[in-house]
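Colleague: Got a minute to walk me through this one? I'd like to go from feature to feature and ask as we go.

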Amino acid sequence: MTLGEALDAATDYLASHGVERPRLDAELLLSRSLGLTRLDLYTQHDRPLTAAERDAAREPVRRRGAREPLAYVLGDWGFRRLTLRTDRRALVPRPETEVVVDRCLALLAGVAEPRVLDVGTGTGAIALSLAQELPGATAVATDASADALALARENAEVLGLRVELREGDLIAGAAGPFDLVVSNPPYVEAAELPALEPEVREWEPRAALVDEGQTARLVDAGRAVLDGWLVLEVHEGRADEVAGWMRDAGYTDVAVSSDLAGRPRVVEGRWPAP
Ligand SMILES: C[S@@+](CC[C@H](N)C(=O)[O-])C[C@H]1O[C@@H](n2cnc3c(N)ncnc32)[C@H](O)[C@@H]1O
């Protein structure tokens, strides 16, 4: 079998298992498992695969065909300027969450040495991005999942970034005041789960997905540690509702911003009033 034939066979296999972008995923999986670039797959398409190469390529393609997220099969994923380790211990960081970090950076502009808290850090995506992009910042991150925190710790070590990690519920005893508390809490409604792609509903941690009231509790709890901004990623159908909770709780300057697809996705507010 040549490289070109292997690429076609992997593409067909992934397509027959319902993978959304089978060609792209086949390219990424084969190039990674064979130590090639995606361009090499085409410039060397007539080259026969060695037996070792066939073995190396088979398992990643099988895993992706079982609808395991591409990020878990590859073992890493890009988020803003970072490459993060990714596996079943935590949610795959999403592009819309990059917009949450943009809002944090905008709100912290002019704060020399901001103290920031990321609640429910997962891979560490938000906290590590803030630590990297705001070199004067002190970053604290929490998660209720020991597994997720272990992955965040690995990412912090590999990237050489400093984030204090705390296991526990919401703010998990982190000492304020913080200039900014940010969170991408679980916000899928349990009834929505069956309609989600298998990559999400069968592979990503349920505790990272399903809303158990964390957003509402964080609007309340944030006030105990804030001297600045609360920034929340929210369900696209609930931005106005969450903004209302924040106003009712006494936050000021409450505003909603949209993700790159134009969906209302980020709610921010200030506590206490300036
Ligand atoms: C939607 S994921 C977000 C992960 C990461 N911040 C990101 O944006 O990719 C939500 C995270 O919150 C954590 N979590 C759920 N309930 C929590 C709670 N009560 N306190 C702290 N963390 C919680 C989950 O374990 C999960 O890692």
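Modeller: Sure, and keep in mind that this is a predicted model. Let's begin with the lining of the largest cavity: by class, that lining has three nonpolar, two polar and two charged residues.

Colleague: Which residues line that largest cavity?

Modeller: The lining of the largest cavity is made by Y187, D211, T215, V234, H235, R238 and V242.

Colleague: And how much space lies in the largest cavity?

Modeller: About 50 Å³. The count of cavities of 30 Å³ or more comes to one.

Colleague: OK, what about pockets? How much space does the second largest pocket have?

Modeller: About 270 Å³ of space lies in the second largest pocket. Two elements give two or more residues each to its lining, namely α1 (3-16) and α4.

Colleague: Which element gives the most to that lining?

Modeller: That's α4, with five residues.

Colleague: Can you name some of the residues there?

Modeller: Among those lining the second largest pocket are M1, A6, Y13, L30, R54, R58 and R62. By class, the lining divides into nine nonpolar, no polar and three charged residues.

Colleague: Let's switch to the ligand. Which residues come nearest to the ligand?

Modeller: There are 19 residues around the ligand, and G120, D143, D169, L170 and N184 come nearest.

Colleague: What sort of residues make up that shell, by class?

Modeller: The shell around the ligand has eight nonpolar, eight polar and three charged residues. Helices also show up there: α10 (206-209) and α11 (214-221) each supply at least two residues of the shell.

Colleague: Back to G120 for a second. How far is a backbone N or O atom of G120 from a nitrogen atom of the ligand?

Modeller: The distance is 2.8 Å for G120. T121 also has a backbone N or O atom facing a ligand nitrogen atom in this list of distances, at 3.4 Å.

Colleague: And what does D143 do with its side chain?

Modeller: An N or O atom in the side chain of D143 is 2.6 Å from an oxygen atom of the ligand. As for how covered the ligand is, the ligand taken alone exposes 600 Å², and the protein buries 94% of that.

Colleague: New topic: aromatic rings. How many aromatic pairs does a search of the whole structure find?

Modeller: The search finds one aromatic pair. Y251 and W271 form that pair, which is tilted, with 5.9 Å centre to centre and 50° between the planes.

Colleague: Why does the pair tie together separate parts?

Modeller: Y251 lies in the loop between α12 (239-248) and β8 (252-258), while W271 is in strand β9 (residues 264-271), so the pair ties together parts that are 20 residues apart in sequence.

Colleague: W271, noted. Anything about the peptide bond after it?

Modeller: Yes, the peptide bond from W271 to P272 is cis, with omega near -10°. P272 lies in the segment after β9.

Colleague: Which other cis bond should I look at?

Modeller: Try G176 to P177, where the peptide bond is cis with omega near 0°. P177 has its place in the loop between β5 (164-167) and β6 (178-183).

Colleague: Last one from me: where is R67 found?

Modeller: R67 is in the loop between α4 (51-65) and α5 (70-74). Check its backbone while you're there: R67 has a positive phi of about 70°, although it is not a glycine.

Notes
Residues are numbered from 1 along each chain as its sequence is written. This is a predicted model: local features need pLDDT of at least 70, side-chain atom pairs count only at pLDDT 80 or more; totals for chains, interfaces and linings use all residues. Side-chain values use heavy atoms; hydrogens and water are left out. A residue is near a molecule or strand if one of its heavy atoms lies within 4 Å of it. A polar contact is a pair of N or O atoms within 3.5 Å; within protein, one must be able to donate a hydrogen and the other to accept it, and residues adjacent in sequence count only if both atoms are side-chain atoms. Accessible areas come from the Shrake-Rupley method with a 1.4 Å probe; for residues, only the protein chains shown count as cover. Helices (H or I, at least four residues) and strands (E, at least two) are DSSP runs, numbered from the N terminus. Ala, Val, Leu, Ile, Met, Phe, Trp, Tyr, Cys and Pro count as nonpolar, Asp, Glu, Lys and Arg as charged, and the others, Gly among them, as polar. On a 1 Å grid over the protein atoms alone, a cavity is a set of points where a 1.4 Å probe fits but cannot get out, and a pocket is an open set with protein on both sides within 12 Å along at least five of seven lines; lining residues have an atom within 4 Å of a point. Grid points are joined across faces, edges and corners, and a volume is the space filled by probe spheres set on the points. Rings of Phe, Tyr and Trp (its six-membered ring) pair if their centres lie within 6.5 Å; planes under 30 degrees apart count as stacked, over 60 as edge-to-face and the rest as tilted.
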